Amino acid sequence: DNTTYLFRVLPSGHLEHLYYGRRLPVAQERDIAPLCQQRAFGPGYTVTYSPEHDVYLEDTCLEISSLGKGDIREPFAEIVRADGSRTADFTFVSAQIDSEAPDMDGLPSSYTEGETEHLRVTLRDGDLTLELDYLVYAQCDAITRSARLVNFSDKDVRVRRLMSMQLDLPDSGWAVTTFHGAWAREMGKHTITLTGGKTVTESRAGITSSRANPFFMVHSPAAGEDAGDVYGFNLFYSGDHYEAAEVSAFGKTRIVAGINPTGFEYLLAPGESFRAPEAVMTYSPAGFTGQSVNMHRFVREHVVRGEWKKKVRPVLLNSWEAAYFKINESTLVSLARAAKDVGVELFVMDDGWFGDRNDDTHGLGDWDPNPKKLPGGLKGLCDRINALGLDFGIWVEPEMVNVKSRLYEAHPDWAMAIPGRSHSEGRNQRILDLANPDVTDYLIEKMTEVFSSANIVYVKWDFNRMFSDMYSPSLPPERQGEAGYRYMKGLYRLMGELVSRFPRVLFEGCAGGGSRFDLGILSYFPQIWASDDTDAQVRVNVQESYSFGYPQSVVSAHVSACPNHQTLRDVPLETRFNVAAFGLLGYELDLRDLTSLELSDVKEQILLYKVYRNTLQFGQFYRGQTGNIHQWTCVSPDRSEALGMMMQELVRPNTQTHRFYPKGLDENAVYRFANEERQVDVRRFGSLVNTMAPIHVRPGSLIHNAIARVYKMPGERDDFFAPGAVLMHGGVSLKQAFSGTGYSDQVRFFSDFSSRLYYIEKAGE
């Protein structure tokens, strides 16, 4: 609706990319003339394409590229023919526009519930055909791309690389923002400005990985949240991926994304085809926010599907950080009873319920309930949980196996490993060979047996290690370069079949946290566990980074105990909830250990979340201030209500003034902006209590605790009526923060890791 994507066919048959950006009023061919590259003479020390066509591919913006004819930049395709030659030269044959989505050959893809425009451009190089598929999602300002290579020759060819998308920009100096990390610290945001050379983001872990998410942005260096040119890109693939941005010798920027060519090779026999995964791209001149709004809408409407697409997600309690492997039926029922008392709707039994599973060295692959822990099996426990008024869910890790398991003893050849060589394990487990159809068939039937054995309404699907010694015993030596790709196709068949058999089950993807957070997984599972780190100070940054490319309706977030189990950090319960509420809320702690006051707070949190759940899960999320102070706003689709959240990581001394800038409101409507009335535990002031107490009070003493039980310090209250434009553009000047010079109900108690929720609702006529 707001963007234009243009390319043309050169006389040589190559596709010249002309423009991607704001919508242009292009009505006829003459309108694009100013965009076409002009040249009288070729640059020095370059290759001329042919005597008939004075084309210099190295200095031309191209729609796709290959090696051998003078373009020495990042190639779109790398192919080795039977004679060993590596030159490829795909030129235009035909183009057609229809409303039919391409066949993705078992790979996940976007979808539409109505008509969308599909462009297929067919190119040819001798007896090889390359099809470029484009789907236009006009309302999202999103375009998806994929490619298919067909071998019409009578000899094998080897595909070393086939990217999913390529975008050539006519200039350089663009900034590239990527997201890197590790387990428990996913999605670290990194930005460089590229004036020369190449920057690469990739995974060689066999999965998308916590090391590098496939979502990335290319933008003007001056772009901010609300202004500046921003391109966003992502990939429908859960394996090794590759994203590169390269500045050529002539100052042009090439961007490619697709399967990582490292370790990849696909043997394409005569008559066969190979399909590259789908990629999505969007553009906005309205900064990072504009790009995010486009991507969020695309993911919500054209990636997530099924019964849970727009169905509110339940508040859950997960047993992991409460019990770890030490579970039994009585413990689980006790945890569930405590969960029911505070308003939780779904109880989830995590790892440890099956086989000989008392630690992470045994039992994976043996998906039968442990009778010592669950004497009534899954159904017996589920019936008891349901009797409490709670739904029931379980944790599984179907793709993995322990050597110390009955499954491995029966089928050692079902695990990915190089015959005759030692295998390097992760988390004491091996990966089942989903490139082997027999393994996938077995898992489909075994998981069907598990999921149908009780009233299971939620499944957390984990994947707790990266790949090593990548080798499929089911493939011949000459096809081992296909192992990772074929594994992913097996995984997608497995997930697709189970989702089809159990359409009412809420599936949540997980991979030791966010190691497989991608559009491929979201094409089957409507939500993903964002990180195993439940520390709110870490999570505020992780969730904020995800928000650049993913809506909050796909991000699972839990409130856990303090000191936190990953960082040993203490963060107020209020902040733990406030951060988790801007996602799919759950709790992951032993509620039985909380004080009566903490339980009361949790109960109030869940009540509040349920009131605003539709807005928090399916409204539009906006980032405001980032850094030490984080400001978020989530606005309902009709803009009648919004929730704002502000969190401070560390106090900066003598900083009294903060303004909150909500976003996404109706500029002309009048809103009430307010926080809830609050009280502050006097013990949080420590020995400052002695500035007011008639006697000396030792912090932590019995007297101190007695005072805290009967006396609360008043908290600040902000309450305004104003037009949306005033709130958004002028900001709300909040009550001053405590800075060591005095305290009253006009002062905001805002220490390290403090936060506030702000309620923004349209005022009545």
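**Exercise 1. Decide whether C510 is buried or exposed, and establish how many disulfides the structure holds.**

Step 1. C510 has a relative accessibility of 3% and therefore counts as buried, where buried means under 20% relative accessible area, exposed over 50%, and partly exposed in between, with a 1.4 Å probe and protein chains only. The model is a predicted one, in which local features need pLDDT of at least 70 and side-chain atom pairs count only at pLDDT 80 or more, while totals for chains, interfaces and linings use all residues. Residues are numbered from 1 along each chain as its sequence is written, and side-chain values use heavy atoms, with hydrogens and water left out.

Step 2. C382 is likewise buried, with a relative accessible area of 0%.

Step 3. A disulfide is taken as a pair of cysteine sulfur atoms within 2.5 Å, and a search of the whole structure on that basis returns zero disulfides.

**Exercise 2. Describe the overall build of the protein from its helices and strands, its radius of gyration and its buried residues.**

Step 1. The protein contains 13 helices and 40 strands, these being DSSP runs numbered from the N terminus (H or I of at least four residues for helices, E of at least two for strands).

Step 2. Its radius of gyration is 28 Å, close to the 27 Å that the globule rule gives for 765 residues, so the protein is as compact as a globular protein of that length; the radius is taken over C-alpha atoms, and the rule is 2.2 Å times the number of residues to the power 0.38.

Step 3. The C-alpha atoms fill a box of roughly 100 × 65 × 45 Å along the principal axes, and buried residues make up 60% of the 765 residues.

**Exercise 3. Which residues have the most contacts inside the largest nonpolar core?**

Step 1. A nonpolar core is a set of buried Ala, Val, Leu, Ile, Met, Phe, Trp, Tyr and Cys residues joined through side-chain atoms within 4.5 Å. The largest one has 182 residues, and W353 and I394 have the most contacts inside it.

Step 2. Helix α7, residues 483-501, gives the most to this core, with nine residues.

Step 3. Leaving out residues up to four places away in sequence, W353 touches a set of residues that includes W367, D368, L378, I394 and V450, a contact being heavy atoms within 4.5 Å.

**Exercise 4. Trace the salt bridges of D133 and D368, and state where the partners lie.**

Step 1. A salt bridge is a side-chain nitrogen of Lys or Arg within 4 Å of a carboxyl oxygen of Asp or Glu, and the whole structure has 56 of them.

Step 2. D133 and R275 meet in one such bridge at 3.0 Å, N to O. The pair links distant parts of the chain, with D133 in strand β6 (residues 128-137) and R275 in strand β17 (residues 273-275), 142 residues apart. Both D133 and R275 are buried, and they belong to a salt-bridge network that also includes R120, E131 and R148.

Step 3. D368, one of the residues that W353 touches, forms a salt bridge with R406, the closest N and O atoms being 3.2 Å apart. Because D368 lies in the loop between β20 (346-349) and α4 (377-387) and R406 in helix α5 (residues 406-410), the pair ties together parts 38 residues apart in sequence. D368 is partly exposed at 29% relative accessibility, and R406 is partly exposed at 47%.
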